[in-house]
Amino acid sequence: MTTPAIAPLLQLLDTADAHGGLQTDDVLSLVLPLLREVSALHEQGKVAALGSAFAYRVDDTPALMLMQPEGTEPHQNREAIAPLEQPAASVLRVVGEHRVTLDADEGVSVENLALMADASPDALPTRPVYLPGYTAWELRFAHHDALSDIFCLGQVLASLSCGLDLTDSEELARFAASRGNLFALNRRLHPVVAAVIGEMTALDRHERARDLPSVIRRLKTYRDQPLDLGLDRIAPAKDGAGQRRQAIRLHLRDRLFDLSRRNRLLHFKPSQTHVNLTVASVPLVVDIKNIRIDQLCVWDGRFASDIATCDPVPLARWLRFEDQPYLPGALDRILQEARRDRSEYGFSQLSLVMAFLRWHNLKEGESERAERIASPLLMLSVELTRKKGVKDQYLLEAASSEAQVNPTLRHHLRQLYGIVLPETVDLHETTIEQFHAQLAAQIAATEPGVQLRLVKQPEIELIHQRARQRLEQFKRRTRVRNPGAQPVAAQDFSYAKDDFRPLGLQLYHAKVRPVPLPLRSAVGAPPMPRAPQMAATAAQTEQQTYSLHESTGNPYQWDVDLTSVTLGNFNHRKMSLVRDYSALSESEIASDAFDRVFSLQPRQVDAEPPAALPLADQWPVVQADATQTAAVALARTGTSYIIQGPPGTGKSQTITNLIADYVGRGQRVLFVCEKRAAIDVVFHRLRQQGLDELCCMIHDSQGDKKAFVQNLKKTYEHWLAAPEELDAETRERTQLVDTMDADLKALERFDAAMREAPEHLAVAVRTLMARLIALKPHDPALTPLQAEALPTFAAWRRHEDLVARLHLAVTESLGVPYLSAHAFAQLAPVLLRQERPLARLVELSDRAAEQIGPHRDALAGAWPPLGDDPTLWGDALAVVADARRAASAGISRCSTPRTPRASRSARR
C-alpha cells in the first residue's frame, strides 16, 4: 500500500513553518495570482475545480495556481441547501451553536456544532459547518457556484496567514473558534487581511463576500492610508494672546472629562443601576422561531417608533415582567436615583442608551488592545414614572426626539483617533444608518482595516443540552425521595399539632427564599415547568436554549449595537460646562479677568484692605460681621478672590449680601452652583427679606421654563400695579439711613474720646480704664487728702524707671515691701536736698535728743505709771497734743509734721 502524495499547499505550509511562518506580503504574493485566475473563470461563467487541498499547485514564481486552470461548469442545487441557509430577515441572528452534554461520570463536555469532523463524502451536514479538507459545506450537496469558490479560497488565505492545516480536525476547530479574532492565532496579521478572511469564510452565504475583484482590490491596497488629514480647516488664531486664551479654555474643558475605567460613560459595565430592556423583552419560548421583531426592545423597530413620539410608553407592553422577577425592583432603584439627582442637582440624569459602540483602543499595548470596550454611543433623555394601582405601571417618556452623542466618548475618540462626531442627532432628520455611515467613513479614512458593523438583530448562540438517560433517572429518583414543598401563602400558617406551619417559616418561603432564575436551565440546571402539562417526560433527553452573544477579541471589528437598549442614570453633570468652554474657545471674546487669572506675571497683592463703605452705599440684607462686610467692599474693586471655610462659617450670608449689593447698585448677578442645596439656601435668605421678586431660580433649563415666565409676569404686573411703591421705599430707606448715621456719629465721638490721650494721662483713656480695671483688686483705701497728694499718671509714666529702681532698692536693702513702711519716708525734702544729708541728719538728731532729754525726765517724774486705768489715757493724749503744739523750731526743720507718722518721729 502506497502513501498518497502530499498536496503542494500542505508542502508549502511545512516549508513556511520551518522558517517561522509567512508574513503578510509573502501570503499575498502567493494568493493574489490564484485569486486573479479564479476571478477570470468567474467572468467566463465558470467556476474553479476546488474542494480539496490537491486543487492547487505551486509554480516557479512561486505562486499558487489552479491544478485545473480550465475550470468547470457551475452546479446548482438550491433546493437542497435552502433549508440550511438562515433567512436574511430572521428576528434573532444565530452566530454559534454548542452542545452541552451532562454525564454523571464524565462531567460536562461542550461540543462546537459549527464543525463536522466526519470527512466521508456521503455524510451530509444538517447545518452550515466547517469541513476538513479546504472544502465548502454546500459542495456536499452538489451545489458549486462563485460563492463556493470564495469560501474555499478564503480557507487557503486563512491557512497561509495563520499557519493552519485545515485538513486536520483539531486545527480546523482552532480556526472556527478564532475566526472572529484571528489575531489570537497570528498577532502580526494585518487587520485588512483578517477582515477579508472573515468575509470570505462566513458559513452564512448571505454574509459571504460576493465577488473576487473587490477582494483582490482590497488585498492589493491593504497598506494604503489617506493623506488628507484636514489640517487646513483649522483657522489660525489672529494673535498670540487669543491663541493662548483658546488653548487655556480647551485645556480647562478637557479636564472636565473623566477617561478612567470608573466612568460608566466610557467603560460601561452592567450593574443593578441599569436595566437592559432588550434582554428583558426577549420572551422565554421553546422555539426561537416564535419570537417576532415587534416584540423586542431594539432600536430598529416599533419600540423605537413609540419612544420617538415623545409620548408615555407603558413598559409592560414590552418587558416580560412575568419572566424577569427582578424588573420592578431595578426600575424602582433607577426611579429613586433619578429623583435624588433632580432634588440635589436640579435635573435628572436618566437616559436611554439607544446604541452602544463596542470598540478597541488600538493605541494601547497588547493586553489593553485585546480588551473590548463597550461605550454608550447615542443617549436619549427620558423620564420614568410609576403609576400606582392594583398592579403598578411603569411609563417611559422621551423629553425630545433629539439624541445626544455620548460627550465623553466623543471627546475620547477625537483625542485618540481624530474622529469628529456631532453633539446631537435629531431622530426625525437623521437615521441610525446615516449616522453609522458617517462614523464608518471617518474610521475607514484613518484605518481601513477596522470594520464597523451595524448590529440590528440580537445575536444568540444555540445551546443543545443532552442529558444521559442514566443521569435523568438519578435525578428522578432524587426528586421522589425529597419531594419539594408546596408553596404556601404568607398568611396561611398554623400552630396545631396535626398541622404545624409556623408563621416564620411561611414568611421565609414567601419573602426570603430565592426564586429560581428563568434562564437557569441555560447553565445546566433542570428545567422548571410552568404548568403541569408542560412537564418533561422521561423520553425527553435534549433541550434547546439560547444565550446572548457578545463578540469579543477582534480589535479591528467594531460594532454599533442597536440590540442592547439600556435604561439607567449616567453622570453627565459637567457637560454643560463643556459646552460653555467649547463655545468660548470658538469665539474671540476677550476677558480681562480671565487673562489676569491665567497670567504668567506675578500678581500684585494689596496689603491695605479696602476702605469701609459709607453707610448710604451699603445694601446688607442679613446680619454680617466686619470680615463679611470687608468681602463685599473688596468685591466692588473688581478683584477676584476665594471665600472658603467649613459649613456654618457664614459663606451663604456673605453671598446673600453680595447679591443684594450688586442688585442695589442696579447690576445683574448670575449665581451658579453644582448642587441645588446651596442655591436653595441663598434663595431662601433672599425670600425672607422680600427679594424673591427680583430673583429667578432655575434648576432645569427645560423643566423650569414655564415657572420662569410666570414669575416674570407676576413681578412686572406687581410693579405696574404699584408704581409709587419704589419712591416710598426710597424715602423710608433715606430716613433710616439718616437715623443710623446720627447714632453712628455719636458712637464715633465716644470712640474718639476713648482713643484720645490727654496730656496729664499720656495714654489713651481706653488704656487707662483697662489698667484701672486690672488694678481694682489691689486698690488701697486712700483718703481724699491722700489721693489728692498723689502725682499725676503722666508723672508716674515719666518716672516709671526711677520708681521701679527705688522699689527694687527698698525691697532688697531695707527689707520692707514699700517705702512708706520705713522711717525714711518721714524725712523732709529739704534734708534730702542737702549737700551732705547724712551728716546733717546726725547733727539734727543729736540736737533733738538734747532738747527732748529734759522734757522726758520731767514727764517721767510728773506722771505716775498709767497701768490699766482708762482715765489716765485721756490726760496722756491731751499732753501729747500740747507737745505737738509746742514743737521746737529745730525739730520741725528735720521732719515733716503733716502726717501722724511724722508726729511719732518727732516724739521719738
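This is a walk through a predicted protein model, from its overall make-up to a few of its details.

Let us start with the whole. The protein has 908 residues, and 34% of them count as buried. Along the chain you will find 32 helices and 18 strands. To get a feeling for how the chain folds back on itself, look at contacts between residues at least 6 apart in sequence: 67% of them join residues at least 24 apart. On the outside, the protein exposes about 55600 Å², and carbon and sulfur atoms supply 56% of that area.

Now pick out one helix, H2, which runs over residues 24-43. From its first C-alpha to its last, H2 reaches 27 Å, close to the 28 Å expected for its 20 residues at 1.5 Å a residue. H2 has a kink of about 30 degrees at Val 31, shortly before the proline Pro 33. Several residues of H2 are buried, including Val 27, Leu 28, Val 31, Leu 34, Leu 35 and Val 38. What covers the buried residues of H2? The cover includes helices H1, H4, H6 and H7 along with strands E1 and E2. After H2 comes Gly 45, with a positive phi near 80 degrees.

Next, the backbone. Most residues other than glycine have a negative phi, and most peptide bonds are trans. With that in mind, a few places in the loops are worth a visit. In the loop between E1 and E2 sits Pro 62, and the peptide bond that leads to Pro 62 from Thr 61 is cis, with omega near 0 degrees. Tyr 134 belongs to the loop between strand E4 (107-112) and H4. Its phi is positive, near 55 degrees, although Tyr 134 is a residue other than glycine. Is Tyr 134 buried or exposed? Tyr 134 counts as buried because its relative accessibility is 0%. Cys 310 is not a glycine either, and has a positive phi of about 65 degrees. You can find Cys 310 in the loop between helix H10 (302-308) and strand E6 (313-314). Cys 310 has a relative accessible area of 23%, so it counts as partly exposed.

Residues far apart along the chain can also be compared by their distance in space. Asn 181 lies in the loop between helix H5 (169-178) and H6. Asn 181 and Pro 555 are 374 residues apart along the chain, and their C-alpha atoms are separated by 7.7 Å. Asn 181 is buried, because its relative accessible area is 18% and the cut-off for buried is under 20%.

Let us turn to charges. Side chains of opposite charge can pair when their charged atoms come close. How many salt bridges does a search of the whole structure find? The search finds 19. In one of them, Glu 138 meets Arg 205, with N and O 3.0 Å apart. This pair links distant parts of the chain, since Glu 138 is in the loop between E4 and H4 while Arg 205, 67 residues apart from it, is in the loop between H6 and H7. Both partners are buried. Glu 138 and Arg 205 are also part of a network of salt bridges that includes Asp 145 and Arg 208.

Other salt bridges sit within a single helix. An α-helix has 3.6 residues a turn, so residues three or four places apart point the same way. In helix H22, Lys 713 and Glu 717 are 4 residues apart, about one turn of the helix, and their side chains meet with N and O 2.6 Å apart. Helix H23 (residues 725-755) holds another such pair, Asp 751 and Arg 755, also 4 residues apart. The closest N and O atoms of Asp 751 and Arg 755 are 2.6 Å apart. Asp 751 is partly exposed, with a relative accessible area of 25%, while Arg 755 counts as exposed at 56%.

Our last stop is on the surface. A nonpolar patch there has about 780 Å² of accessible area, and among its residues are Val 663, Ile 698, Phe 708, Leu 712 and Trp 719. Which helix supplies the largest share of the patch? Helix H22 (residues 705-721) does, with 5 residues. Ile 698 lies in the loop between helix H21 (676-688) and H22, and with 45% relative accessibility Ile 698 counts as partly exposed.

Note on methods. Residues are numbered from 1 along each chain as its sequence is written. This is a predicted model: local features need pLDDT of at least 70, side-chain atom pairs count only at pLDDT 80 or more; totals for chains, interfaces and linings use all residues. Side-chain values use heavy atoms; hydrogens and water are left out. Helices (H or I, at least four residues) and strands (E, at least two) are DSSP runs, numbered from the N terminus. Buried means under 20% relative accessible area, exposed over 50%, partly exposed in between (1.4 Å probe, protein chains only). Contact means heavy atoms within 4.5 Å. Accessible areas come from the Shrake-Rupley method with a 1.4 Å probe; for residues, only the protein chains shown count as cover. Patches are made of residues with over 30% relative accessible area and no salt bridge: like charges are joined within 9 Å, nonpolar side chains (Val, Leu, Ile, Met, Phe, Trp, Tyr) within 5 Å. A salt bridge is a side-chain nitrogen of Lys or Arg within 4 Å of a carboxyl oxygen of Asp or Glu. The expected span of a helix is 1.5 Å times one less than its number of residues. The bend at a residue is the angle between axes fitted to the seven residues ending there and the seven starting there.
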